[in-house]
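Welcome! Here is a short briefing to help you find your way around a structure that may be new to you. Take a look at the sequence and the model, then read on.

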Amino acid sequence: MAQRMLGGSAARADRVLVNMLEGKMFVEFRAESREVLEAWLKTEGMHFDWLVRIEWETRASDGKLHIAE
């Protein structure tokens with residue numbers, strides 16, 4: 001399943017974090033829109049509880065917020 005998420009066409013995963021003890025997974029996806037992502041997840045048979053759009057992030061050493069790619 002991870003390979004399909006990482007190589008998807010309509011949506012793709014950039015980062016996958018898994019907690020095997022609790023059976024939970026957090027994934028950063030890239031998609032054109034929320035609707036496209038939800039449709040892709042449904043076709044892949046993946047259940048999701050919630051989705052959050054990230055618009056700003058900080059990765060730079062300056063600590064400033066930058067527009068998410």
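A good place to start is the end of helix α2, which is followed by G45, a residue with a positive phi near 75 degrees. Please keep in mind that you are looking at a predicted model. The protein has two helices and four strands, and from the N terminus on these elements run α-β-β-α-β-β. Of the 69 residues in the protein, 13% are buried.

**The nonpolar core**

- The largest nonpolar core is made of six residues, namely A11, L37, W40, L41, M46 and L51.
- Helix α2, which spans residues 34-43, gives the most to this core, with three residues.

**The two sides of helix α2**

- Which residues of α2 are buried? They are L37, W40 and L41.
- Looking down the axis of α2, you will find its buried residues within an arc of 100 degrees, so they line one face of the helix.
- A general point helps here: an α-helix has 3.6 residues a turn, so residues three or four places apart point the same way.
- Turn to the face of α2 that points away from its buried side, and you meet the exposed residues E35, K42 and T43.

**Salt bridges**

- How many salt bridges does a search of the whole structure find? The search finds six.
- As a general rule, side chains of opposite charge can pair when their charged atoms come close.
- One of the salt bridges lies between E38 and R34, with the closest N and O atoms 3.0 Å apart.
- Both E38 and R34 belong to helix α2, where they sit four residues apart, or about one turn of the helix.
- E38 has a relative accessible area of 21% and is partly exposed, and R34 is also partly exposed, with a value of 43%.
- Another salt bridge joins D14 to R12, and here the closest N and O atoms are 2.6 Å apart.
- D14 counts as partly exposed at 33% relative accessible area, and R12 is partly exposed as well, at 36%.
- R53 pairs with E55 in a salt bridge whose closest N and O atoms are 3.4 Å apart.
- Is R53 buried or exposed? With a relative accessibility of 67%, R53 counts as exposed, whereas its partner E55 is partly exposed at 46%.
- There is also a network: R12, D14 and R30 are joined into one by salt bridges that share partners.

**The largest pocket**

- In general, rolling a probe the size of a water molecule over the atoms shows where empty space is left.
- The largest pocket in this model holds about 1400 Å³ of space.
- Its lining consists of 32 residues, and those nearest the centre of the pocket are V27, E28, F29, L51 and V52.
- L51 is therefore a residue to look for twice, since it appears in the largest nonpolar core and among the residues nearest the pocket centre, and the core it belongs to is a set of buried residues.
- Strand β2 (24-31) and helix α2 each supply at least two residues of the lining.
- The largest share of the lining comes from β2, which gives eight residues.
- By type, the lining residues divide into 16 nonpolar, four polar and 12 charged.

**Two residues to find on the strands**

- F29 is found in strand β2, and at 22% relative accessibility it counts as partly exposed.
- F29 and A11 are 18 residues apart along the chain, and their C-alpha atoms are separated by 6.6 Å.
- That distance links F29, one of the residues nearest the centre of the largest pocket, with A11, a member of the largest nonpolar core.
- H66 is found in strand β4, which covers residues 66-67.
- With a relative accessible area of 33%, H66 is partly exposed.
- H66 and E55 lie 11 residues apart in sequence, and 8.6 Å separates them in space, C-alpha to C-alpha.
- E55 is also the salt-bridge partner of R53 described above.

How values were computed
Residues are numbered from 1 along each chain as its sequence is written. This is a predicted model: local features need pLDDT of at least 70, side-chain atom pairs count only at pLDDT 80 or more; totals for chains, interfaces and linings use all residues. Side-chain values use heavy atoms; hydrogens and water are left out. A nonpolar core is a set of buried Ala, Val, Leu, Ile, Met, Phe, Trp, Tyr and Cys residues joined through side-chain atoms within 4.5 Å. Buried means under 20% relative accessible area, exposed over 50%, partly exposed in between (1.4 Å probe, protein chains only). A salt bridge is a side-chain nitrogen of Lys or Arg within 4 Å of a carboxyl oxygen of Asp or Glu. The arc is that of the directions from the helix axis to the C-beta atoms. On a 1 Å grid over the protein atoms alone, a cavity is a set of points where a 1.4 Å probe fits but cannot get out, and a pocket is an open set with protein on both sides within 12 Å along at least five of seven lines; lining residues have an atom within 4 Å of a point. Grid points are joined across faces, edges and corners, and a volume is the space filled by probe spheres set on the points. Ala, Val, Leu, Ile, Met, Phe, Trp, Tyr, Cys and Pro count as nonpolar, Asp, Glu, Lys and Arg as charged, and the others, Gly among them, as polar.
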